[in-house]
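Hi everyone, thanks for making time for this. I'd like to walk you through one model, so please have the viewer open and follow along.

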Amino acid sequence: MAEAPLLETLSFTTSINTASATKDTEPQMSCLLCDQVYEVDEDKEEFLKHLVTEHKFVIADVKLISDFKRYIGYWKMRLQNHPVTDFCTAIDTNTGEKDIGPKEQYYLLCDVLPEDKLLRECLQKDKLVSVLETQQKEREDTDFCRMCLFCKEEFHSNRATLFNHMNTEHNFNVGLPDNLVYTNEFLDILQEKLSRLQCLYCERTFRDRPTLKEHMRKKQHKRLKASNPTYDKFYVVNYLELGKNWEIIEAEVDTEPDYPTDSDNDDWSEWQEEGGAKAVCLFCEQTDAVTDKLIEHMKIVHRFDLSGIKQSMNLNFYQQLKLVNYIRRQMHQTSCIFCQEKFESRESLINHMTSEDHMTRLPDQSFWDQPQYYFPTYEDDSLLFSLGDVADDDTDSGCHDDSVVIAEDTLVNSTSLKKSDIFEELTT
């Protein structure tokens with residue numbers, strides 16, 4: 001069984017060692033500095049108040065913490081063996097001559113501390129993986145059965161058909177279905193509002209359904225108010241970057257730099273591309289700016305034929321990306337890519353894989369074809385930029401398929417292919 005995914009993206013030049021918070025499903029959490037116990041969801045505000053009043057302890061930007069319980073669990077563990085002053089900024093109050101009241105000292109825990117910032121980023125990435133896995137399960141759920149919010153037509157299996165129906169037949173648009181997650185809970189909230197005769201946009205309540213229907217039609221309120229935070233949970237875009245929701249991301253419009261418009265006298269004949277970042281071998285420290293040479297190196301020296309594996313297994317871009325990230329992770333953790341056996345050093349691992357011929361073998365596809373490997377193990381992995389679909393190779397070699405494939409009508413048996421459109425939608 002493969003180990004848990006890395007919480008942070010590594011660097012070929014920098015290694016960050018951080019203890020990871022572990023998941024649990026207990027509904028309670030205990031105070032950072034005492035044994036007082038609180039319910040995770042119901043008592044969060046009471047817990048924060050307790051920290052301030054009883055311990056003079058303040059946590060900054062609580063709303064930006066993706067998993068509050070794991071965050072508290074991590075710092076409770078760290079504070080057991082260290083004083084608060086090792087991690088927190090001390091703030092003195094009532095220090096002025098005219099200030100009324102006793103002087104008090106408060107302790108602020110915030111992401112100015114690199115460890116706290118890294119923890120928040122790790123929790124956010126883990127939350128994104130969880131959201132994408134949930135979204136994939138919802139897409140594959142064949143037991144889905146739901147009635148339209150505005151008529152009596154019933155829909156089965158595919159959630160997208162319901163949302164598309166409400167858009168085309170009732171002019172109710174919530175965005176692309178592929179951008180939604182937790183759709184059952186989302187539909188429950190909308191259904192409850194309509195059952196209470198409440199407008200979905202302005203949330204006014206009306207005396208009967210015909211009046212509500214007429215109001216939503218005339219006022220063009222058959223939509224959701226984008227500024228309503230109630231619905232942020234149900235859109236994947238709100239999980240992409242720490243501290244950024246869809247409004248912030250949408251506002252970050254990329255602007256092109258101003259280039260000179262008069263290029264009559266420009267001479268580009270002697271311009272040459274400067275050498276870019278070098279790709280690193282999956283198994284040793286060999287690097288090369290030309291990826292094809294590096295792939296050939298792995299084939300000759302390590303007997304690992306990445307191009308051959310891509311062709312024989314018919315791997316698309318996303319599957320190749322996950323495979324490379326899986327191997328990077330295994331090598332980083334000194335675990336064999338085939339049998340998962342762990343070794344004390346990288347040298348021992350290489351000797352094992354070479355002697356046992358495990359360089360040329362891959363484990364069952366379920367080990368590495370998982371959403372967690374969408375994320376690069378190393379943030380500066382140039383090898384990933386050279387990956388391409390098998391179809392691209394076929395086109396380059398003159399191979400053509402006369403059959404016309406319509407994605408929406410094609411039954412995809414491979415779970416990994418279904419997963420690929422998650423990031424295709426997120427990155428377009």
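I'll begin with the overall picture, then go through two helices and a few side chains around them.

First, please keep in mind that this is a predicted model. The protein has 14 helices and nine strands. Of its 428 residues, 38% are buried. If you take the contacts between residues at least 6 apart in sequence, 56% of them join residues at least 24 apart.

Let's go to helix H5, residues 183–195. A quick sanity check on its geometry: at 1.5 Å a residue, these 13 residues should span 18 Å, and the end C-alpha atoms are 18 Å apart, which agrees. Which residues of H5 are buried? They are Thr183, Phe186, Leu187, Ile189, Leu190, Lys193 and Leu194. Looking down the axis of H5, you'll find these buried residues within an arc of 155°, so they line one face of the helix. The general background is familiar: an α-helix has 3.6 residues a turn, so residues three or four places apart point the same way.

And what do the buried residues of H5 pack against? Their partners are helix H3 (114–140), strand E6 (145–147), helix H4 (159–170) and helix H6 (209–218). Just after H5 comes leucine 197, which has a positive phi, near 60°.

Now for the nonpolar interior. The largest nonpolar core has 33 residues, and Met166, Phe172, Phe186 and Leu224 are those with the most contacts inside it. H3, H4, H5 and H6 are the elements that give two or more residues to this core. Which element gives the largest share? That is H5, with five residues.

Click on phenylalanine 172 if you want to see how its surroundings look. Leaving out residues up to four places away in sequence, phenylalanine 172 touches Leu149, Phe150, Phe163, Met166, Asn167, Leu190, Leu200, Lys222, Arg223 and Leu224. There is also a second, separate core, with 32 residues, including Ile309, Tyr318, Ile337 and Ile350.

On to the aromatics. A search of the whole structure finds 13 aromatic pairs. Take phenylalanine 186 and phenylalanine 234: their ring centres are 5.1 Å apart and their planes are at 35°, so the pair is tilted. That pair links distant parts of the chain, with phenylalanine 186 in helix H5 and phenylalanine 234 in the loop between H6 and helix H7 (246–251), 48 residues apart. Both phenylalanine 186 and phenylalanine 234 are buried.

Phenylalanine 186 has another aromatic partner, tyrosine 235, and this pair is edge-to-face, at 6.2 Å centre to centre with 75° between the planes. Here too, distant parts of the chain are linked: tyrosine 235 sits in the loop between H6 and H7, 49 residues from phenylalanine 186 in H5. Tyrosine 235 is buried, as is phenylalanine 186. Zoom out a little and you'll see one aromatic cluster formed by Phe163, Phe186, Tyr231, Phe234 and Tyr235.

Next, a polar side chain. Asparagine 158 is in the loop between strand E7 (154–156) and H4. Is asparagine 158 buried or partly exposed? It is partly exposed, with a relative accessible area of 40%. One of its side-chain polar atoms lies 2.9 Å from the backbone nitrogen of alanine 160. Asparagine 158 and arginine 139 are 19 residues apart in sequence, and their C-alpha atoms are 7.0 Å apart in space.

Our second helix is H10, residues 317–332. Its 16 residues should span 22 Å at 1.5 Å a residue, and the end C-alpha atoms are 23 Å apart, which agrees. Of those 16 residues, 14 are buried, so H10 is largely enclosed by the rest of the structure. At the start of H10, a side-chain oxygen of asparagine 316 comes to within 3.2 Å of the backbone nitrogen of tyrosine 318. At the other end, H10 is followed by threonine 334, with a positive phi near 50°.

My last stop is glutamine 340, in the loop between H10 and helix H11 (346–355). Why does glutamine 340 count as buried? Its relative accessible area is 16%, and the cut-off for buried is under 20%. The side chain of glutamine 340 makes a polar contact of 3.1 Å with the side chain of glutamine 330.

Thanks for listening, and I'm happy to take questions.

How values were computed
Residues numbered from 1 in each chain as written. Predicted model: local features only at pLDDT ≥ 70, side-chain atom pairs only at ≥ 80, totals over all residues. Heavy atoms only, no water. Helix = DSSP H or I, 4+ residues; strand = E, 2+ residues; numbered from the N terminus. Expected span 1.5 Å × (residues − 1). Buried < 20%, exposed > 50% of the residue type's maximum accessible area, 1.4 Å probe, protein only. Arc of directions from axis to C-beta. Contact = heavy atoms within 4.5 Å. Polar contact = N/O pair within 3.5 Å; in protein donor to acceptor, adjacent residues only side chain to side chain. Core = buried A, V, L, I, M, F, W, Y, C linked by side-chain atoms within 4.5 Å. Phe/Tyr/Trp six-rings, centres within 6.5 Å; stacked < 30°, edge-to-face > 60°.
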